[in-house]
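Let's take a friendly walk through a protein model and its DNA partner. Keep the picture open as you read, and look for each part as it comes up.

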Amino acid sequence: MRIASWNVNSIRARLDHVHRFLREANPDVLCLQETKVPDSDFPTDTFARLGYETHRAGEKSYNGVAIVSRHPVADVRVGLVDAAEGDERRLIAGTVRGMRVLSAYIPNGKSLDSPAYEQKLVWLDRLLTTLKADGAPEAPLAVCGDFNVTRDDRDVYDPARYRDQLFCSPRERAAIARLEALGFHDTFRETCDAAGHYSWWDYRAGSYQRNRGLRIDYVWVSTAARGHLTHAHIEPAPRAWEKPSDHTPVVADLAWAP
DNA sequence: ATGGTAGGATTCCTA
């Protein structure tokens with residue numbers, strides 16, 4: 001089963017790119033983030049024509065997540081298990097062929113001295129609570145999305161510049177370490193130790209052309225699913241297509257026969 | 001050197 005994840009920075013602006021990626025990479029499941037569209041305006045029918053069913057949790061202007069799947073999706077849940085009034089649309093979960101798949105868009109955090117930074121850390125711990133409720137780590141789970149955190153300095157084009165900065169701060173990385181301690185495995189790092197592989201490049205200052213990027217998008221799998229992993233990679237091509245998202249897709253393949 | 005660009009909604013917010 002091929003599982004992919006992509007922050008598309010508006011599904012309406014990126015619809016042709018997403019369809020092209022589905023045709024060329026042929027994932028079984030694609031998790032989307034930053035769809036930036038209310039559910040009533042999500043282009044569900046265009047995915048159906050390509051043989052995919054879609055489950056979305058969106059809102060006007062900001063945020064928004066979706067799961068696009070070739071196979072039936074059961075037990076769809078929108079939001080965190082301890083959902084609160086006013087929560088943004090940042091999480092959707094569904095079960096595909098016995099695998100619980102989550103599409104997550106972790107808050108950016110804005111800056112270390114912002115209330116949004118504290119909210120980011122709280123949101124990450126609420127995500128852990130949600131994963132435990134879904135049976136982690138014994139249950140087969142795949143947690144996909146834009147985490148807005150680098151796991152370590154291999155994921156940063158200029159670690160000195162980013163030291164203790166947003167995306168790289170010790171408290172953010174400690175939250176990621178708690179995810180690992182819960183029994184989640186970074187599928188990309190299961191197959192590649194090298195520095196310099198990124199999933200996001202800022203639109204500004206020619207960052208992509210100069211390969212000034214960060215690896216902040218992940219497919220994590222629980223211990224129950226880890227042994228089924230056969231391959232993982234970052235697919236760089238879509239970042240070079242015309243009018244791209246600032247993120248590129250990340251992909252994991254599992255020999256998964258429920 | 002602390003800028004720059006993109007998307008979406010509306011003269012600004014988020015990333």
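A good place to begin is a pair of strands: β5 and strand β6 (residues 91-96) pair in the antiparallel sense, over 4 bridges. Within this pairing, Val 73 stands opposite Val 96 in β6. Please keep in mind that this is a predicted model. As a bit of background, strands of a sheet pair through backbone hydrogen bonds, in either a parallel or an antiparallel way.

**The sheet and a helix across it**

Now let's widen the view. β5 and β6 belong to an open sheet of 6 strands, in the order β5-β6-β7-β8-β12-β9, and the pairing is mixed. Which strands stand at the edges? They are β5 (73-78) and β9 (184-186); each has a single partner strand, so one side of each is left without a neighbour in the sheet. On average, neighbouring strands of this sheet are turned by 20° against each other, direction ignored.

Helix α3 (residues 115-133) lies across β5, β6, β7 (99-105), β8 (141-146) and β9. Relative to β7, helix α3 runs at about 170°.

**A threonine to look up**

Next, find Thr 187, which is in helix α6 (residues 187-191). Is Thr 187 buried or exposed? Its relative accessible area is 2%, and because buried means under 20%, Thr 187 counts as buried. Leaving out residues up to four places away in sequence, Thr 187 touches Val 219, Val 221, Leu 229, Ala 232 and Ala 252. With Val 219 there is also a polar contact: the side chain of Thr 187 reaches the backbone oxygen of Val 219 at 2.7 Å.

**Where the protein meets DNA**

How many residues surround DNA strand B? There are 17, and the closest are Ser 10, Arg 14, Ser 61, Arg 204 and Lys 243. The residues of this surface divide into 4 nonpolar, 4 polar and 9 charged. On the DNA side, 64% of the atoms of strand B within 4 Å of the protein belong to sugar or phosphate, and the rest belong to bases.

The table lists some polar side-chain contacts with DNA strand B.

| Residue | Atom of DNA strand B | Distance |
|---|---|---|
| Tyr 62 | base oxygen | 3.4 Å |
| Lys 110 | phosphate oxygen | 3.5 Å |
| Lys 243 | phosphate oxygen | 3.2 Å |

So look for Tyr 62 beside a base oxygen, and for Lys 243 beside a phosphate oxygen.

Key. Residues are numbered from 1 along each chain as its sequence is written. Chains are lettered from A and ligands numbered from 1 in the order in which they are written. This is a predicted model: local features need pLDDT of at least 70, side-chain atom pairs count only at pLDDT 80 or more; totals for chains, interfaces and linings use all residues. Side-chain values use heavy atoms; hydrogens and water are left out. Two strands pair if DSSP finds at least two bridges between them. Helices (H or I, at least four residues) and strands (E, at least two) are DSSP runs, numbered from the N terminus. Axes are lines fitted to C-alpha atoms, for helices over the stretch in contact, and angles run from 0 to 180 degrees between N-to-C directions. Contact means heavy atoms within 4.5 Å. A residue is near a molecule or strand if one of its heavy atoms lies within 4 Å of it. A polar contact is a pair of N or O atoms within 3.5 Å; within protein, one must be able to donate a hydrogen and the other to accept it, and residues adjacent in sequence count only if both atoms are side-chain atoms. Ala, Val, Leu, Ile, Met, Phe, Trp, Tyr, Cys and Pro count as nonpolar, Asp, Glu, Lys and Arg as charged, and the others, Gly among them, as polar. Buried means under 20% relative accessible area, exposed over 50%, partly exposed in between (1.4 Å probe, protein chains only).
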